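Happy to walk through this one with you. Shall we take it one question at a time?

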Amino acid sequence: MAALIAENFRFLSLFFKSKDVMIFNGLVALGTVGSEELFSVVAFNCPCSPARNYIYGLAAIGVPALALFLIGVIWNNHTWNLVAECHKRGVKNFSAAATFLLFGSIMGRAAVAPVTWSVISLLRGEAYICALSEFVRPSSLDKFPAEYGAEVLARFPCKDVPANLTKFRDEVTRRLRYESQLFGWLLIGIVAVLVFLTKCLKHCCSPLSYRQEAYWAQYRSNEDKLFRRTAEVHSRILAANNVKQFFGFVALDKEEKELVQEFPVEGVQPSPQWNAITGVYIYRENKGFPLYSRLHKWAKGVEGNGPTPEGHEMLFLAS
């Protein structure tokens, strides 16, 4: 477990040298490890009762994983861009490959936390032992007393067993922990292979060179930061103007007064402009020149969303 936590701390180094997606995924995994540890210490309590162990053990692994997956889907900007795209324009402009790429990006990003939760749960083994202890065949245990059955086996995770069954409890616990950790390591291996193949496929199918892709990532990050910062200032100034019009004055601090004086706001952007810069964006070019975002496309005055004689769709989604 200490080795696992140490491996997750290595994700912090990505903050200084990797893309935002890798940083985000690493921090999500690290946070999930801490949450799972806290849950195991504070909340996990096997009922040690036949028929209940199995349900409780699976719920302890599956329900938090499902909740984390749904939270990951909700927090993904691509999810709401897709909702906006379907609401405003539909997906008629997307090919099957582009649609698959979009859903794969959403599902893959959302799977980071639940997979981490499942792996840590399996490596710890408590939930797995709780769920399957009652299903261990007594005949597989050498010289197990015939008068004991599933009811006693179900109490093994709680160590609430007769003294003459202590060695059998240790054997069952060791056997189930081995199986649980084996499944955990296999899951890590499968995920690692899938991530490797996905990265290879992405770079092989990318229409961009490595340097241009890095530039695009920097552009998206800078555009998002500047847009959010400017929107915050614009909305504050607009609110100040409206409050002043209602009351005749507005109470501003020194910084806000400087903002109002430096950036006069006359009005708001019409809805068609907001709609034009909102939604899913797949890399496109127009007359050989790249369009890096919907905002970039709007600023260049390029109309429409689908392929045109002057521009063509590149099936490459922003990470």
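What follows is a short exchange about this predicted model.

Me: How many helices and strands does the chain have?
Reply: Let's start with the overall make-up. The chain has 319 residues, of which 34% count as buried. Its secondary structure comprises 13 helices and 3 strands.

Me: Among contacts between residues at least 6 apart in sequence, what share joins residues at least 24 apart?
Reply: A contact here means heavy atoms within 4.5 Å. Counting contacts between residues at least 6 apart in sequence, the share that joins residues at least 24 apart is 71%.

Me: Which residue forms a salt bridge with D224, and is that partner buried or exposed?
Reply: Look in helix α10, residues 210–247, where D224 and its partner sit 4 residues apart, about one turn of the helix. D224 itself is partly exposed, at 37% relative accessible area. The partner's relative accessibility is 52%, and exposed means over 50%, so it counts as exposed. With N to O at 3.0 Å, the partner is R228.

Me: Which residues do salt bridges that share partners join into one network?
Reply: Within helix α10, R236 and E232 are 4 residues apart, about one helical turn, and their side chains meet in a salt bridge at 2.6 Å, N to O. R236 also forms a salt bridge with E256, the closest N and O atoms being 4.0 Å apart. That second pair links distant parts of the chain, since E256 lies in helix α11 (residues 254–262), 20 residues from R236 in helix α10. The network therefore consists of E232, R236 and E256.

Me: How many salt bridges does the structure hold?
Reply: Side chains of opposite charge can pair when their charged atoms come close. In this structure, the number of salt bridges is 6.

Conventions. Residues numbered from 1 in each chain as written. Predicted model: local features only at pLDDT ≥ 70, side-chain atom pairs only at ≥ 80, totals over all residues. Heavy atoms only, no water. Helix = DSSP H or I, 4+ residues; strand = E, 2+ residues; numbered from the N terminus. Buried < 20%, exposed > 50% of the residue type's maximum accessible area, 1.4 Å probe, protein only.
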